[in-house]
Amino acid sequence: MMRIGQTIELPAESYARYKALHEAIWPGVAETIRACRIQNYSIYHRDGVLFSYFEYVGDDFEADMAKMAADPVTQQWWDVVKPIMKPFANRKPDEFWSDMEEVFHQD
């Protein structure tokens, strides 16, 4: 299992919309997340920053993420949510959400 933490900025004027969208996540998006072997997925907010945490329980992360990116419903969802977020200026060239380094874990 992989534990993944990511972060991105969320402008204050986007908070209510982002929260409302995630309170009623599209069923097809939730299904694709599960089908791509992601579980225990949470998103937190504080002072204009989103933090996401999820666990990947598959054996080919890149293939499952490609499967998610190819899903038409997920693409439509991203068309709605991506414009209201603001990626960090110092992110890696291939990132939207910025990956974080795990520095501590205790079961």
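Helices (H or I, at least four residues) and strands (E, at least two) are DSSP runs, numbered from the N terminus. This is a predicted model, in which local features need pLDDT of at least 70 and side-chain atom pairs count only at pLDDT 80 or more, while totals for chains, interfaces and linings use all residues. Residues are numbered from 1 along each chain as its sequence is written, and side-chain values use heavy atoms, with hydrogens and water left out.

**Largest pocket**
- A pocket is an open set of points on a 1 Å grid over the protein atoms alone, where a 1.4 Å probe fits, with protein on both sides within 12 Å along at least five of seven lines; lining residues have an atom within 4 Å of a point.
- The volume of the largest pocket, taken as the space filled by probe spheres set on the points, is about 1200 Å³.
- Its lining has 37 residues, of which Q6, Y41, F54, W78 and W97 are the closest to the centre.
- At least two lining residues come from each of strand 1 (2–9), helix 1 (15–23), helix 2, strand 2 (38–46), strand 3 (49–56), helix 3 (61–70) and helix 4.
- Strand 2 gives the largest share, six residues.

**Strand pairing**
- Strands pair if DSSP finds at least two bridges between them.
- Strand 1 runs antiparallel to strand 3, joined by eight bridges, and I4 stands opposite F54.
- Strand 1 is also antiparallel to strand 4 (residues 98–99), with two bridges; here T7 stands opposite S98.
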